[in-house]
Amino acid sequence: MGQAIMDEYEKLVRQAPEQWYMFRRFGGGVNVGILFSIISLLVRRLSWPGVDYVGALLGQLAFRLQDQKRSVVLSNLAHAQITGDHQTIAKKIFENYGRYYLELFKMNPGQKPYFFAHLTIDGKSHFEKALVAGKGVVIVSPHLGNWDLAGCGLTQFNAPVAAVAEELAPASLFRWFTRVRKNLGVQVVGLNLQAGKLCLRHLKNKGILALVGDRDIQGNGIPLPFMGQIASIPKGPMQLAMRSGATIMVGFCIRTGPGQFKGKFYPPLKLKKTNDFDDDLFFNTKELAAALETVIRENIDQWCMLQEIRHGKS
């Protein structure tokens, strides 16, 4: 959706280039971060109901204009054999993705008390028991609801929170996301060659590691049945849990109304542990994929997956 926003921004500029007041060189990605910072300042003037309303409008606009992304969402719904009108569901998905971005633009440290006061959490005891075990906790979510606010919600539990994030281009966009997440209390680990080492160290220090597990960004995942097709499921979450001994569980944060949120923790996954690491990794990742699929199907209109998930296509 970040790229979608930039695409629409470029279309508007090209329609009326004589009215584009950009006197600085637009290169190196510098102005993308500036643009998002300016948008944040404007969005923070909105009430939470206003954020919900404007986010939905932006999502509707993207649904109409982003033909390729709309086709991908409809294809994912068709493969998953989701019941109901797919056009209506796809439109709701775009609306919720718009809300995701507006909520990020809205959030700052001063908004955390509001967020915590309007967040209900189911299954909290599962998570608290995992923390007491003292080996770190890996929380895996799909791209559902608002996964960044899910990370913010984890900061309530008096343990350091880290999340792995794709190193987006341009670099200024990645820096903007990193700054927002840091302001919410979440340490960001860039998805690079050092990520695994840093995450293991974080878990060793009894930290909470928040990951998304329904898209294989690196392209080295495990082909598994997922949402009606063979998808490439990232193996990193399970590798980290198995190597560190940390508890791994599925959790999420969805919106239940304007400025209203619900988080949920599921019981920890019971991992297969034999002398064959690769076989255990395959089996355990398959269990994780099945758990993620259940969560997605229960909240399909908040599954903000605008990329193909089929193996070899992510």
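Start by selecting P223, and you'll find it standing opposite S232 in strand β7. Keep in mind as you click around that this is a predicted model.

**The β6–β7 hairpin**

Now widen the selection to the two strands. β6 covers residues 222-226, and it pairs with β7 in the antiparallel sense over five bridges. Together β6 and β7 make a hairpin with two residues between them. Click on M227 in that turn: its phi is positive, about 50 degrees. Then colour β7 by burial, and you'll see a strand that is mostly covered, with four of its five residues buried.

**On to helix α4**

From β7 (229-233), step across to α4, because β7 is part of what covers the buried residues of that helix, along with α3 (48-65) and α5 (86-106). Select residues 67-79 to get α4 itself. Which residues of α4 are buried? Show side chains for R70, V72, V73, L74, N76 and L77, since those are the ones.

If you like a quick sanity check, put a distance between the end C-alpha atoms of α4: they are 18 Å apart. With 13 residues at 1.5 Å a residue, the helix should span 18 Å, so the two agree. Just past the helix, stop at Q81, which follows α4 and has a positive phi, near 55 degrees.

**N96 in α5**

One of the covering helices deserves a visit of its own. Go to α5 and pick N96, which lies in it. Is N96 buried or exposed? It counts as buried, because its relative accessibility is 5% and the cut-off for buried is under 20%. To see what sits around N96, show R255, D301, Q302 and C304: N96 is in contact with these four, leaving aside its neighbours within four places in sequence.

**Strand β8 and its two partners**

R255 is a handy stepping stone, as it stands opposite F261 in β9. Select residues 247-257 for β8. Ten of the eleven residues of β8 are buried, so the strand is largely enclosed by the rest of the structure.

Next, bring in the strands that pair with β8:

- β9 (residues 260-265) pairs with β8 in the antiparallel sense over six bridges.
- β2 (residues 137-141) runs parallel to β8, and four bridges join the two.

For the β2 pairing, zoom in on I139, whose bridge partner in β8 is M249. For the β9 side, head to the turn: the hairpin of β8 and β9 has two residues between the strands, and G259 there takes a positive phi near 70 degrees.

**Out to the surface**

Time to switch on the surface. Select I34, I38 and L42, which make a nonpolar patch of about 260 Å². I38 belongs to helix α2, residues 30-43. How does I38 count in terms of exposure? As partly exposed, because its relative accessibility is 45%, and that class lies between 20% and 50%.

**Zoom out**

Finally, reset the view and take in the whole chain. It has twelve helices and nine strands. Of its 314 residues, 50% count as buried. The chain exposes about 15,200 Å², with carbon and sulfur atoms supplying 54% of that area. Contacts reach a long way along the sequence, too: among those between residues at least 6 apart, 78% join residues at least 24 apart.

Notes:
Residues numbered from 1 in each chain as written. Predicted model: local features only at pLDDT ≥ 70, side-chain atom pairs only at ≥ 80, totals over all residues. Heavy atoms only, no water. Expected span 1.5 Å × (residues − 1). Buried < 20%, exposed > 50% of the residue type's maximum accessible area, 1.4 Å probe, protein only. Contact = heavy atoms within 4.5 Å. Patch = residues over 30% accessible without salt bridge, like charges linked within 9 Å, V, L, I, M, F, W, Y side chains within 5 Å. Areas by Shrake-Rupley, 256 points an atom, 1.4 Å probe, with all protein chains shown as cover. Salt bridge = Lys/Arg side-chain N within 4 Å of Asp/Glu carboxyl O. Pairing = 2+ DSSP bridges.
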